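Trainee: I'm new to reading protein models. Could you walk me through a few features, one at a time?

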Amino acid sequence: MLGMDEEIPTDEERLAVEPLPDNVLKDLVKISSWLQVHKIEEYINVYSKIRSEVLTRSVQNLKDHLKNASGNSSTLSVQNSPQMGSRRSIAKESTPRRPPKSIQQMFVRKATAVIAKYSPTVESAMLGHRFQTSLLPEPKEEIPENDIMAFMTSVSGLLKLMQIELNLMNGIIPDSNRKLVFERVVTPAMENLVSEGELIVSKVKKSVARHEFSAALNLFPILRHFMTIKTDFEKLFQGCSSSLYDKLRSFIITVQATISKTLEEFIESVKNDPDTKMPKDGTVHQLTSNAIMLLEQLQDYQDILGSVLTLQDTSFATSKDKRKLSFAQYITRVLSALSVTLQNKSEAYSDQYLRAIFRMNNLHYIVKALHRTGLLEIVQIHNPGVESYYNDQIRDQKRVYSQSWSRVLHYVMEVDKPISHERASLNTARAPTGLKLREKDKQNIKDKFAGFNKEMEEITRTQKAYAVPDVELRESLKRDNKEFILPKYTMFYEKYIDAGFTKNTEKYIKYTPTDVSNTIDTFFDAAA
């Protein structure tokens, strides 16, 4: 669809299109001259009526042609028309394919692909709440891509036909009446086309009212197309009454206003997201993936975002690229709203460590997505410290999560030592075999191993149910856990393994340091 704007005909190409043979044109000029000499001006009204009907019919034939061809052609040139005699033809692939039904569906498929890449084992987002693959609600009133394509092609077709009509009047219609006649000829076709565009806008508004914000993506290629050929329309309408161009200008303003309002409503929807259902495993929230994916889609339209976004912070007004700056400020506003909402949503978790996992997952997903999509470079125009902010937040949540090991470590930190450090390390760090222990000391050591075993089993059960879909984050957490736990437990283990505190070693020493390491490897992984 984006390719529609690539080829706007040059002046030479426009003039090369000849709707009538030369001999017919010469006859019309002679007839017109005779009628003018004899002051028979009624022919002007007749001419206006006939040419207006021809123009309207030509545009309708173009629409019918596009409708019939839509299932057999993957690409349609914007300027093609069966009535124009254009030297261009409809491009066809050797193996035709049907275009997607709607831009919204393309959005959902792309979003799903990104999520699948982020989390290769979607099914492994554990215990009940699956990682969402449908990022947006299915639109209840779809706007087929073919409708958008046909509308844009019709706009270009009408522009070309209007240029032809203005050329055709040379020698046939007196100069004094030419613009008036031209206005009569093109007004019905122009009104029909604007009405068709308004119907598309109306459908988008209904979808947005249901919070199907991706529907607004249908309007971006339309706005881009109009902005590209706007100057050509302005040239044609010079000398005409303002009402003719006002119809077109009013439609463009409506499209801009609808997009602008949708973008603002999207921020409000992020702030006030009504979804109270939280992922049981702490995985990335659907709201996060929705927000990032919409921002990524908007990135494709930076060239026109400046016309629909207002600069919120004028202190950056000296920026060379105002379009990127306005988009950067919009990204910042979305991310800010998203951060506050996710923070509030996370309070629903009674498990403070699952809360930290949830925050970590979402923060990491955001910063990684900003890198992957190139959005980071844009948002840094307005907020240079955005990456540092997210990395600091992730580190803070890692510190909170690390406290989940406090109950495990309680048993191996040896605040109250059964054996003094001096006695346990007479020769080596390991207690010598046959060391005389008091019964009280023996029981204390047994209690410590038993407590460690119980807490290790509990934390394993709990954290196997946590989801960390990103491999990089998941492995870093496992690595941090091992670095945090293993040195302390190894020292404790080696100190008492041969201390002779029990004859039933297997009952109390259930984990070697290697076992602890292997157990940590099973965290955040449903397949383990």
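Trainee: Let's start with surface. Does Asn 177 count as buried, partly exposed or exposed, and at what relative accessibility?

Mentor: Keep in mind that this is a predicted model. Buried means under 20% relative accessible area, and exposed means over 50%. Asn 177 has 23% relative accessibility, so it counts as partly exposed. You'll find Asn 177 in helix H6, which covers residues 175-209.

Trainee: What separation is there between the C-alpha atoms of Asn 177 and Ile 44?

Mentor: Here you compare places along the chain with places in space. Asn 177 and Ile 44 are 133 residues apart along the chain, yet their C-alpha atoms are separated by 8.5 Å.

Trainee: And why does Ser 517 count as buried?

Mentor: Use that cut-off again: buried means under 20%. Ser 517 comes out at 15% relative accessibility, so it counts as buried. Ser 517 sits in helix H20, residues 513-520.

Trainee: Which residues does Ser 517 touch, leaving out those up to four places away in sequence?

Mentor: Ser 517 touches Lys 482 and Leu 486. With Lys 482 there's also a polar contact between the side chains, at 3.4 Å. As for Glu 483, its C-alpha atom is 9.7 Å from that of Ser 517, with their positions 34 residues apart along the chain.

Trainee: Last one: where does helix H7 bend, and by about how many degrees?

Mentor: For a bend, you compare the helix axis on either side of a residue. Helix H7, residues 219-237, bends by about 50 degrees at Ile 229. Then look just after H7, where Gly 239 takes a positive phi of about 90 degrees.

How values were computed:
Residues are numbered from 1 along each chain as its sequence is written. This is a predicted model: local features need pLDDT of at least 70, side-chain atom pairs count only at pLDDT 80 or more; totals for chains, interfaces and linings use all residues. Side-chain values use heavy atoms; hydrogens and water are left out. The bend at a residue is the angle between axes fitted to the seven residues ending there and the seven starting there. Helices (H or I, at least four residues) and strands (E, at least two) are DSSP runs, numbered from the N terminus. Buried means under 20% relative accessible area, exposed over 50%, partly exposed in between (1.4 Å probe, protein chains only). Contact means heavy atoms within 4.5 Å. A polar contact is a pair of N or O atoms within 3.5 Å; within protein, one must be able to donate a hydrogen and the other to accept it, and residues adjacent in sequence count only if both atoms are side-chain atoms.
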